[in-house]
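Dear colleague,

Please find the structure below, handed over for your records. A summary of what was found in it follows.

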Amino acid sequence: MRLIILGGPGAGKGTQAQWLCNHLQIPLISIGDLLREAIATQTTLGQMAQLYVEKGELVPDQTMIQFVRQRLLQSDVSQGWLIDGYPRTAFQAEELNFLLDDLGQKLNWAIYLQVSEKILMNRCLQRSRADDDPEIVRRRVELFYERTIPILEYYEYRQRLLTIDGEQQITQVQQQILQQFQEFRI
């Protein structure tokens, strides 16, 4: 099973991604973790990414797809994976599709945890993280909606989108994911 998980900050992506990986016995590919590790170990890609991360800028698409390519070539992901944190734009979604074609793989589903802007804001502000200042959270949520709608359209057009009500309790979200998998005979 090859999956990506989409949702705004506070949608529950991390929680559901971890559960899904355990349930399906597939590795979790956290793009944020990949970036942090590459920067810490000063790999060639890590050095390239660091220049942007230090300025608070997005790492260029071509560099990001190289991170993903390197990870998808490792043996532990040959039977499946779940990517959290990529793609973040429709262009990246298309690049991922090209990469998967090149690797002879196919994305099974993009799982979108749909949560209203108000609930995303509330969840983020309740987390009490250092970067969860109300203005910063509001901007992150706005950016998420600006970038994500085209990604959703991209996957919906390709009949690869599962939309899940992310406002439910954690176990209810998990049940809905499993129901969708059964409905589509996954």
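**Findings**

Thr-15 lies in helix H1. At 41% relative accessibility, Thr-15 is classed as partly exposed, because that value falls between the limits of 20% and 50%. Please note that the model is a predicted one.

Thr-15 also appears in the record: the unreviewed UniProt entry lists it under "binding site", together with Gly-10, Ala-11, Gly-12, Lys-13, Gly-14, Arg-127 and Gln-168. As for where these residues sit in the model, Gly-10, Ala-11, Gly-12, Lys-13, Gly-14, Thr-15, Arg-127 and Gln-168 are included in the lining of the largest pocket. The annotation itself may be inferred rather than shown by experiment.

Another of the listed residues, Ala-11, is placed in the loop that runs between strand S1 (2–6) and helix H1 (13–24). Is Ala-11 buried or exposed? Its relative accessible area is 5%, so Ala-11 counts as buried, the cut-off being under 20%. Apart from neighbours within four places in sequence, Ala-11 makes contact with Leu-113, Val-115, Leu-120, Arg-123 and Gly-166.

The cysteines were examined as well. Cys-21 has a relative accessibility of 4% and is therefore buried; Cys-124, at 0%, is likewise buried. How many disulfides does a search of the whole structure find? The result is 0, a disulfide being a pair of cysteine sulfur atoms within 2.5 Å.

With kind regards

Note on methods:
Residues are numbered from 1 along each chain as its sequence is written. This is a predicted model: local features need pLDDT of at least 70, side-chain atom pairs count only at pLDDT 80 or more; totals for chains, interfaces and linings use all residues. Side-chain values use heavy atoms; hydrogens and water are left out. Buried means under 20% relative accessible area, exposed over 50%, partly exposed in between (1.4 Å probe, protein chains only). On a 1 Å grid over the protein atoms alone, a cavity is a set of points where a 1.4 Å probe fits but cannot get out, and a pocket is an open set with protein on both sides within 12 Å along at least five of seven lines; lining residues have an atom within 4 Å of a point. Helices (H or I, at least four residues) and strands (E, at least two) are DSSP runs, numbered from the N terminus. Contact means heavy atoms within 4.5 Å.
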